[in-house]
Amino acid sequence: MNVNTCRESFPQHGCAYPEDRVMTDSLPSGLPAPRPPVDLRLDRPTPARMYDHFLGGKDNFAVDREAAERVKQAIPNTYEIVWENRFFLQRAVRYLAEAGIDQYLDLGTGLPTQGNVHEIAREIIPDARVVYVDNDPIVLAHGRSLLASSPGTTVITADMREPHAILGNADLRALIDFSRPVAVLFVARGVMTSGSYLVLSHLTTDGPPPAAVARTVEVYESATSPIVFRTRNQIAQLFDGFTLQRPGLVRPWQWRPEPTDTMHTKWLYAGVAQITDTPTGRQ
Ligand SMILES: C[S@@+](CC[C@H](N)C(=O)[O-])C[C@H]1O[C@@H](n2cnc3c(N)ncnc32)[C@H](O)[C@@H]1O
């Protein structure tokens with residue numbers, strides 16, 4: 001089954017894709033990869049499709065919308081939260097591209113939407129390279145044409161908790177040179193050379209009503225992956241070994257805001273940090 005026949009079968013039958021732990025669009029030689037069937041889990045909500053629904057996208061199914069609506073009952077301003085996060089991601093990528101970063105590893109990509117990482121980076125560095133990684137195979141199904149339609153980008157289906165499998169991927173190695181600075185949008189710090197950046201945003205328990213947090217966690221227990229909230233201190237620890245860039249670990253809307261950014265919630269913290277040989281980075 002190829003991606004076109006797969007799409008035609010949506011939503012009734014789902015798609016068939018390789019079930020390897022790490023799955024890529026093609027073999028390094030360019031030959032199509034073998035495609036044993038894999039279950040897209042249309043019987044359960046997935047975080048990627050729920051996030052797409054929160055953003056206002058159409059790449060989701062009834063099971064995702066039902067779960068997302070239950071989250072919205074607990075958190076009425078989900079739309080603001082997801083766009084606040086998205087705008088932070090875009091500003092952070094623009095900031096890094098302006099600093100000369102031309103290679104990006106985006107862990108937990110989500111479904112393609114407006115202003116994807118390669119589109120933002122390429123406004124400044126036209127040949128910037130981007131590897132997208134998500135554990136939901138639907139991201140590959142859609143990302144194949146929408147994210148990775150241009151040379152210098154690829155989509156990998158893998159679990160970000162297994163960095164060795166991701167980093168050993170031949171398609172990734174063909175695009176990302178870890179001897180040069182790279183921006184990791186979430187985490188893979190073990191392979192990052194001096195000058196590399198970590199971009200991270202994270203849901204927090206510091207701010208939101210505890211009952212709404214508990215309800216949200218409960219909804220995601222029925223999804224294919226759980227949702228995790230952390231305290232601000234726990235999120236700060238994820239930056240250990242990096243130098244946080246100004247303004248530090250803040251609400252996404254406080255991170256180098258632009259006049260058009262109007263979303264102001266208390267559900268997330270975000271920051272951009274650099275690995276440096278010296279204690280100070282680009283401020
Ligand atoms: C909230 S979305 C974020 C999308 C995008 N990075 C953004 O900030 O707009 C989180 C994404 O992470 C993916 N994800 C969750 N757990 C993962 C894991 N263990 N490995 C890889 N991807 C994961 C989900 O499938 C989902 O697409």
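Helix 2 has these buried residues: Pro47, Ala48, Arg49, Met50, Tyr51, Asp52, His53 and Phe54. That makes eight of its nine residues, so helix 2 is largely enclosed by the rest of the structure. Here, a residue counts as buried if 20 or more other C-beta atoms lie within 10 Å of its own. Just after helix 2, Gly56 takes a positive phi of about 100°. Note that this is a predicted model.

Helix 2 also helps to surround the ligand. The shell holds 18 residues, and the closest are Ala48, Gly108, Gly110, Asn135 and Met160. Seven shell residues are nonpolar, six are polar and five are charged. Three elements each supply at least two residues of this shell:

| Element | Residues | Share of the ligand shell |
|---|---|---|
| Helix 2 | 47–55 | at least two residues |
| Helix 4 | 78–98 | at least two residues |
| Strand 3 | 129–134 | at least two residues |

Helix 4 has a helical partner too. Its axis comes within 9 Å of the axis of helix 5 (residues 117–124), and the two cross at roughly 35°. The crossing is right-handed. On helix 4, the contact uses Gln90, Val93, Arg94, Ala97 and Glu98. Helix 5 brings Val117, Ile120, Ala121 and Ile124. By type, the residues of this contact are six nonpolar, one polar and two charged.

What about the core? The largest nonpolar core has 61 residues. Within it, Leu105, Ala183 and Leu185 touch the most other members. Helix 4 gives the most to this core, with nine residues.

Terms used
Residues are numbered from 1 along each chain as its sequence is written. This is a predicted model: local features need pLDDT of at least 70, side-chain atom pairs count only at pLDDT 80 or more; totals for chains, interfaces and linings use all residues. A residue is near a molecule or strand if its C-beta atom, placed from the backbone, lies within 6 Å of it. Helices (H or I, at least four residues) and strands (E, at least two) are DSSP runs, numbered from the N terminus. Ala, Val, Leu, Ile, Met, Phe, Trp, Tyr, Cys and Pro count as nonpolar, Asp, Glu, Lys and Arg as charged, and the others, Gly among them, as polar. Axes are lines fitted to C-alpha atoms, for helices over the stretch in contact, and angles run from 0 to 180 degrees between N-to-C directions. A crossing is left-handed if the near helix is turned anticlockwise from the far one by less than a right angle, and right-handed if clockwise. Two residues are in contact if their C-beta atoms, placed from the backbone, lie within 7 Å. A nonpolar core is a set of buried Ala, Val, Leu, Ile, Met, Phe, Trp, Tyr and Cys residues joined through C-beta atoms within 7 Å. A residue is buried if 20 or more other C-beta atoms lie within 10 Å of its own, exposed if 12 or fewer, and partly exposed in between; C-beta atoms are placed from the backbone.
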